[in-house]
Amino acid sequence: MRTPRAEALAMGKQAFEASLAEGRHRQLAQMAGDWEGSFRLWFTPDALAGEAPQRGRIRSALGGRFLIHEYETRFNDNPIEGVVIYGYHLDDGNWESAWVESFGTGTSIMFSTGSGGGAPHPDMLGSYGDGQGGPRWGWRTRLEQPDPDTLVITMFNITPQGEEMRAVETHYTRVSR
């Protein structure tokens, strides 16, 4: 006699294998590789605050269930390192990420989620505090892969009043798979 948990695990495995073959997990797998490109940063909508080269490695983890994105860039003379885990939660139908960085997230882990229903690409929303006890700001991350050798990661600040503005754009070109 199989337990309900064993049944759920078996059905989950089948759903994951289907997703890896033709679904969201296949979409994630296509982003794996070594990448080089540019990092652009805005603190206000009208003025580019910085631009630098960026290198990244995106690798599949846990049999294709997740991607791990490790990257390096700089802002002025300050090096920036970051790590993001991207995934698609089949049961909830949501994109998910956990992001840490030596610059943007400080000592926090930013968790983000986004509906995977109709979006053709990962698009997730998280939030962060202003460091002074004020209302939280939103942070939206969108990944787009217009072709196999191009990946664009765009991040947006969202004010507590709901105004959205581009904050970071990474434009990658594939170096190797």
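**A friendly note on the core and two residues to look at**

1. In this predicted model, the largest nonpolar core is made up of 27 residues. Those with the most contacts inside this core are L67, Y86, W99, W139, L151, I153 and V168. Eight strands to trace on the structure each give two or more residues to the core: β1 (33-44), β2 (47-61), β3 (66-75), β4 (78-89), β5 (94-101), β8 (137-147), β9 (150-158) and β10 (164-176). Strand β4 supplies the largest share, four residues.

2. L67 is a good place to start looking at that core. Setting aside residues up to four places away in sequence, L67 touches L28, M31, A32, I58, R59, S60, V84, I85 and Y86. One of these partners, Y86, is also listed with L67 among the core residues with the most contacts.

3. Next, please turn to R142, which sits in strand β8. Its side chain makes a polar contact with the side chain of E144, at 3.1 Å. Beyond four places in sequence, R142 is in contact with H121, P122, D123, V152, I153, T154 and F156. Among them, I153 belongs to the core described above.

4. Finally, have a look at G64, in the loop between β2 and β3. Is this glycine, G64, buried or exposed? G64 counts as buried because its relative accessible area is 10%, under the 20% cut-off. Leaving out neighbours within four places in sequence, G64 is in contact with F16, L20 and H25. For a sense of distance, G64 and G106 are 42 residues apart along the chain, and their C-alpha atoms are separated by 29 Å.

Note on methods
Residues numbered from 1 in each chain as written. Predicted model: local features only at pLDDT ≥ 70, side-chain atom pairs only at ≥ 80, totals over all residues. Heavy atoms only, no water. Core = buried A, V, L, I, M, F, W, Y, C linked by side-chain atoms within 4.5 Å. Buried < 20%, exposed > 50% of the residue type's maximum accessible area, 1.4 Å probe, protein only. Contact = heavy atoms within 4.5 Å. Polar contact = N/O pair within 3.5 Å; in protein donor to acceptor, adjacent residues only side chain to side chain.
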